[in-house]
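Here's a quick tour for anyone meeting this structure for the first time. Have a look at the sequence and the 3D view, then read on.

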Amino acid sequence: MINKANFKLSIVIPCYNEKNTIEIILKRIIQNLNNYKFLNYEILIVDDCSTDGTIQILKQLDNDNKIVTHFHDKNLGKGAAIHTALKHLTGEIVIIQDADLEYDPSDYHKLLTPFFEANADIVYGSRFLGGGKYSRVHFFWHYLANKILTFICNLFTNLNLTDMETGYKAFKSSALKSISLKEKSFSFEPEVTIKLAKKKFKFFEVPVAYNGRSYDEGKKIGLKDAFIALKTIILYSLTG
């Protein structure tokens, strides 16, 4: 079991064209870490070849050596950004934090509690579990696609997750590093779930707030990604 008093937290931020939100999310992360006295941490930002000015903002960040930024020369995808971060992180627990404002860092304490109290290996922040502070209502077809993909993933893994596609995932770094990740896009989500489930790690879910963006506000994932995720579920369920 991880000791709450002296563990180190790694926060991984895959980032692509988020000039309007990257500084805001960083301020919120640091504010909430300080509020909950999670003082031993590192923030690893991986810019996935942004073209909107995000890179210039990241290069001008005034940090205290707790923020480390890596840059991709080509746009490779969210999964690829996480692969890069995994090579450098040093914390015992890893939280994946999107660079937009859809997920609220004030929920970090919810994500972390099962590691301290129940010896969790993986904790997913569910948008559908109930009990979060709020959840923005829109995009029925995204909701339906998420539910279908979660249901199919549960069939193959024998888990009872409510939100496999959540952008808020936390892991013991030892668990995450024990598997070989290949998917470079949003298909990272089903791949990591299936591969960790096959190794019999302990999954937990906690309710989190969700302020989903519209496409006009910069949302990137689309229904085509649902079909890629379905293919990924079948592929890794059958082949490992």
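What follows covers the cores, one helix, the salt bridges and a surface patch.

This is a predicted model, where local features need pLDDT of at least 70, side-chain atom pairs count only at pLDDT 80 or more, and totals for chains, interfaces and linings use all residues. Residues are numbered from 1 along each chain as its sequence is written, and side-chain values use heavy atoms, with hydrogens and water left out.

**Nonpolar cores**
- The largest nonpolar core (buried Ala, Val, Leu, Ile, Met, Phe, Trp, Tyr and Cys residues joined through side-chain atoms within 4.5 Å) has 34 residues, and Leu 9, Ile 13, Ile 22, Ile 43 and Leu 112 have the most contacts inside it.
- Two or more of its residues come from each of S1, H1, strand S2 (41-47), helix H2 (54-59), S4 and H4; helices (H or I, at least four residues) and strands (E, at least two) are DSSP runs, numbered from the N terminus.
- A second, separate core of 33 residues includes Ile 96, Leu 161, Ala 175 and Phe 188.

**Helix H4**
- Seven of the 10 residues in H4 (residues 108-117) are buried, meaning under 20% relative accessible area, while exposed is over 50% and partly exposed is in between (1.4 Å probe, protein chains only).
- Among the buried ones are Tyr 108, Lys 110 and Phe 115.
- Their cover includes strand S1 (9-15), helix H1 (22-35) and strand S4 (93-96).
- Just after H4, Asn 119 has a positive phi of about 55 degrees.

**Salt bridges**
- There are eight salt bridges here, each a side-chain nitrogen of Lys or Arg within 4 Å of a carboxyl oxygen of Asp or Glu.
- Glu 189 pairs with Lys 78, with the closest N and O atoms 2.8 Å apart.
- Glu 189 sits in helix H7 (residues 188-198) and Lys 78 in helix H3 (residues 78-86), so this pair ties together parts that are 111 residues apart in sequence.
- Both Glu 189 and Lys 78 are buried.
- Lys 110 forms a salt bridge with Asp 107, and Asp 107 counts as buried because its relative accessibility is 1%.

**Surface patch**
- Phe 151, Leu 155, Phe 156, Ile 234 and Leu 238 make a nonpolar surface patch of about 550 Å²; patches use residues with over 30% relative accessible area and no salt bridge, joining like charges within 9 Å and nonpolar side chains (Val, Leu, Ile, Met, Phe, Trp, Tyr) within 5 Å.
- Helix H5 (140-157) gives the most, with three residues.
- Leu 238 lies in helix H8 and counts as exposed because its relative accessibility is 66%.

Terms used. Contact means heavy atoms within 4.5 Å. Accessible areas come from the Shrake-Rupley method with a 1.4 Å probe; for residues, only the protein chains shown count as cover.
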